[in-house]
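Got the structure open in your viewer? Here's a short tour of what to select and what you'll find there.

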Amino acid sequence: MDLSQYFKRIGFAGSFEEPDLATLKLIHKLHVMSIPFESLSIQCGEKITMDLEDIFDKIVRHSRGGWCLENNFLFAWVLQKMGYDSTMLGSRVFDYRLKDFGPVETHLINKVVIDGKVYIADVSYGVDCQLREPLELVSGKDQVQEAGVFRVLDKGDMWVFEKTGRKNEVLDPAFANYSLVNKKQTKPIYCFTLEPRGREDFTETCHSLQTDPTSLFTNKSICSAQTPTGFKALIGWTFSHVTHSPEEHVDLYDIRNVTTEEVEKILCEEFNIRLSNKLQPVDRKSSFSFGE
């Protein structure tokens with residue numbers, strides 16, 4: 001594994017002199033804009049592991065995407081190799097069925113300390129809650145990014161990460177209640193503590209997320225990518241192109257269904273993903289809703 005290969009994958013061509021905030025913001029954004037959030041390996045009959053070399057080979061050498069356990073674990077390695085003071089953390093995603101955060105840390109993020117200030121780096125949440133840049137760990141501070149206003153809240157025993165979005169405009173009324181469409185302007189995304197985590201803390205989670213019949217990822221084939229003005233996503237046979245219009249305070253949703261024959265073409269043309277194994281798209285009902 002070589003940093004230069006990773007830099008080429010994300011399009012980082014600048015000179016790296018020291019682990020400063022400007023460089024962190026740049027590589028964070030380049031990663032997000034270059035590498036999709038996707039869990040298609042599950043529907044391709046491929047096993048997802050917490051082996052760093054496997055992840056590097058998949059994402060960097062074979063131009064695939066990955067879910068948070070892959071992307072943020074890879075990013076943790078990048079941060080360490082670049083000399084950043086960084087630590088992996090675990091977080092519990094909000095479950096709207098329970099109206100509370102899930103009981104298990106299923107989402108991996110990174111804490112980075114620069115000049116005494118703490119930042120949260122998360123390059124792999126996907127769709128409308130994806131950070132383009134790290135968040136400063138300051139309770140209640142509104143931090144405006146492409147997708148909306150993000151903030152972290154210190155609750156004493158944990159931190160809560162939330163987002164305030166915009167109004168939605170869905171071009172096709174048939175998709176007004178689609179799971180990707182936001183239904184709440186302000187919503188909690190996940191909670192976390194600052195307790196350090198390691199690879200071994202996520203191995204069992206990695207296995208269960210791709211085998212548990214109630215998991216979001218066994219019920220839906222997911223691929224999403226950030227764009228300069230929003231994001232696009234292919235979930236099962238539904239392709240969405242979302243455009244953020246901050247000046248009009250609206251997000252425009254262009255959603256349509258596609259055929260099984262179109263799925264491979266869309267993955268190639270819209271996400272630059274070419275799969276080695278045959279994808280079996282799936283979009284069964286799940287307890288998790290992206291847009292709650």
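We'll go from aromatic rings to a helix and finish at a charged side chain.

Keep in mind that you're looking at a predicted model. A search of the whole structure turns up 13 aromatic pairs. Start by selecting Trp67 and Phe217. Their ring centres are 4.9 Å apart with the planes at 70°, and since an angle over 60 degrees counts as edge-to-face, that is what this pair is: edge-to-face. Now colour along the chain and see where the two partners come from. Trp67 lies in the loop between helix 3 (52-61) and helix 4 (68-81), while Phe217 belongs to helix 6 (residues 216-219), so the pair links parts of the chain 150 residues apart. Switch on a surface and look for the two side chains: both Trp67 and Phe217 are buried.

Next, select helix 4, residues 68-81. How many of its 14 residues are buried? Twelve of them, which leaves the helix mostly covered. Among the buried ones are Cys68, Glu70, Asn71, Asn72, Phe73 and Trp77. Try the distance tool on the end C-alpha atoms: they are 19 Å apart, which agrees with the 20 Å that 14 residues should span at 1.5 Å a residue. Carry on past the helix to Gly83, where phi is positive, near 95°.

Back to rings. Select Tyr125, Phe150, Phe161, Tyr190 and Phe192 together, and you have one aromatic cluster on screen.

Last stop: Lys232 and Phe271. The charged end of Lys232 sits over the ring of Phe271, 6.0 Å from the ring's centre.

Notes. Residues are numbered from 1 along each chain as its sequence is written. This is a predicted model: local features need pLDDT of at least 70, side-chain atom pairs count only at pLDDT 80 or more; totals for chains, interfaces and linings use all residues. Side-chain values use heavy atoms; hydrogens and water are left out. Rings of Phe, Tyr and Trp (its six-membered ring) pair if their centres lie within 6.5 Å; planes under 30 degrees apart count as stacked, over 60 as edge-to-face and the rest as tilted. Helices (H or I, at least four residues) and strands (E, at least two) are DSSP runs, numbered from the N terminus. Buried means under 20% relative accessible area, exposed over 50%, partly exposed in between (1.4 Å probe, protein chains only). A charge sits over a ring if NZ of Lys or CZ of Arg is within 6 Å of the ring centre and within 35 degrees of the ring normal. The expected span of a helix is 1.5 Å times one less than its number of residues.
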